[in-house]
There are 2 protein chains.
Amino acid sequence: MPLKHAVLALVAERRGYGYDLAQRLEQRVGPAWQLNPSAVYPALDQLERAGLVAASTRASGTRRSPRVLYAATPAGLAALEAWLTTAQPDPEPVRSDLLLRLAFARAEHGAALVAELAARERSTAALLARCAADEPPTDARTLVDAAVAIRLAGEVAWLGRTRDRLASAAPLSF
Amino acid sequence: MPLKHAVLALVAERRGYGYDLAQRLEQRVGPAWQLNPSAVYPALDQLERAGLVAASTRASGTRRSPRVLYAATPAGLAALEAWLTTAQPDPEPVRSDLLLRLAFARAEHGAALVAELAARERSTAALLARCAADEPPTDARTLVDAAVAIRLAGEVAWLGRTRDRLASAAPLSF
């Protein structure tokens, strides 16, 4: 998932340093995204090369590592608007490593899969608890929280049902 | 999502030509995956370079494009087993372009987002109808179908709820 546009949106809201942008992005996408904050730096480099953000070096850093302040260019603001207004009406693909492994598992993998599904169910339920959303959502941020919470709750549900089915007495043919 | 392991699993089940493998993979992962069948060819090349599959050229093709038959090597069978038995107990990240756009939308994007959510809800419901799963699942294939169906149904639910919230009379602050 390219974060480039999200970084551009943050810079357009308020110019910032790489580190601050990473923190603001983490807050905005929430814990379920599992952001790697260092992904912000290559995104900024890409945006700069494309002329969508401009970097200026401030004296506030040290001489060896001056702090670089990023701001959106007019071309960046236009690209941001184009991204925000480009609808994607098609369904998102449902893809995961776990689904692939379920599809190719053999009978002897059943017990390990049941244990993995149980562990994943617990970790996903714990993440869901951290994403507790205001209901009803009152702003864009809580709207995203609510969407993520519904998605995670669905994930917990299928993990549990799949685990039950794999662990049940009725033999499953592989 | 790297399909490499899934292609390796198919080849291990029964050796095959690229085109046949693409068809078998599409059947196995189902329509919700939205497989690009041509993704099978770079996966086969990668597997061959890594020594996990071996290619042999058959006379059955034309001279200009001989048919290449792929089979798993012993190293490939070991790699397949390692993949099938490596559990991933952590939650999958919840990431999507639509969530990012919702997080960064401004008030003036509301009407277009409502239309996009409605379109996405329809297309996802149509995909769900194509993924109709046997209940209860009787084999690994229908177990995956059931997992995908639960996921898609959750997707339809949050799209609908998010659209309702965006379209409701109570103003949402952006």
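Q: Before we look at how the chains meet, what does contact mean here?

A: Contact means that heavy atoms lie within 4.5 Å. Keep in mind that this is a predicted model. With that cut-off, 69 residues of chain B are in contact with 69 residues of chain A.

Q: How much area is buried between chain B and chain A?

A: Here is the general idea: an interface's size is often given as the accessible area lost when the parts come together. In this model, about 6,700 Å² is buried between chain B and chain A, and carbon and sulfur atoms give 62% of that area. Three residues, B:Val94, B:Phe104 and B:Arg151, supply 12% of the area that chain B buries against chain A, which is more than any other three residues.

Q: How many residue pairs are in polar contact between chain B and chain A?

A: There are 31 such pairs, counting residues at pLDDT 80 or more. On the side of chain B that touches chain A, the elements giving two or more residues include helices H1 (4-13), H2 (18-29) and H7 (140-167) of chain B. H7(B) provides the largest share of that side, with 15 residues. Sorted by type, the residues of that side are 40 nonpolar, 12 polar and 17 charged.

Q: Where is B:His109 placed?

A: Look in the loop between H5 and H6 of chain B. Once you have found a residue, check what it touches and how much of it is accessible. B:His109 touches A:Glu81, A:Leu84 and A:Thr85, once neighbours within four places in sequence are set aside. The side chains of B:His109 and A:Glu81 are also joined by a polar contact of 2.7 Å.

Q: Is B:His109 buried or exposed?

A: The cut-off for buried is under 20% relative accessible area. B:His109 has 5%, so this residue is buried.

Q: How many salt bridges does the rule find across the interface of chain B and chain A?

A: The rule looks for a side-chain nitrogen of Lys or Arg within 4 Å of a carboxyl oxygen of Asp or Glu. It finds four across this interface, and 20 over all chains. One pair is B:Arg106 and A:Glu81, whose side chains meet at 2.8 Å, N to O. B:Arg106 sits in the loop between H5 and H6 of chain B, while A:Glu81 belongs to helix H4 of chain A, so the pair joins two chains. B:Arg106 is partly exposed at 31% relative accessibility, and A:Glu81 is partly exposed at 27%. Another salt bridge links B:Arg120 to A:Glu92, with the closest N and O atoms 3.0 Å apart.

Q: Which parts does the salt bridge of B:Asp20 and B:Arg67 tie together?

A: For a pair inside one chain, compare the places in sequence. The side chains of B:Asp20 and B:Arg67 meet in a salt bridge of 4.0 Å, N to O. B:Asp20 lies in helix H2 of chain B and B:Arg67 in strand E3 (residues 67-72) of chain B, so the pair ties together parts 47 residues apart in sequence. B:Asp20 is partly exposed at 28%, and B:Arg67 is partly exposed at 36%.

Q: What does the model score, and what pLDDT does chain A average?

A: Scores like these are worth reading beside any predicted model. This one has ipTM 0.87 and pTM 0.85. Chain A averages a pLDDT of 88, and 87% of the residues score at least 70. Among the elements of chain A, strand E2 (residues 53-58) has the lowest mean pLDDT, 85, and helix H4 (residues 74-84) the highest, 96.

Terms used: Residues numbered from 1 in each chain as written. Chains lettered and ligands numbered in written order. Heavy atoms only, no water. Buried area = accessible area lost by both parts, 1.4 Å probe. Polar contact = N/O pair within 3.5 Å; in protein donor to acceptor, adjacent residues only side chain to side chain. Helix = DSSP H or I, 4+ residues; strand = E, 2+ residues; numbered from the N terminus. Nonpolar A, V, L, I, M, F, W, Y, C, P; charged D, E, K, R; others polar. Buried < 20%, exposed > 50% of the residue type's maximum accessible area, 1.4 Å probe, protein only. pLDDT = per-residue confidence, 0-100.
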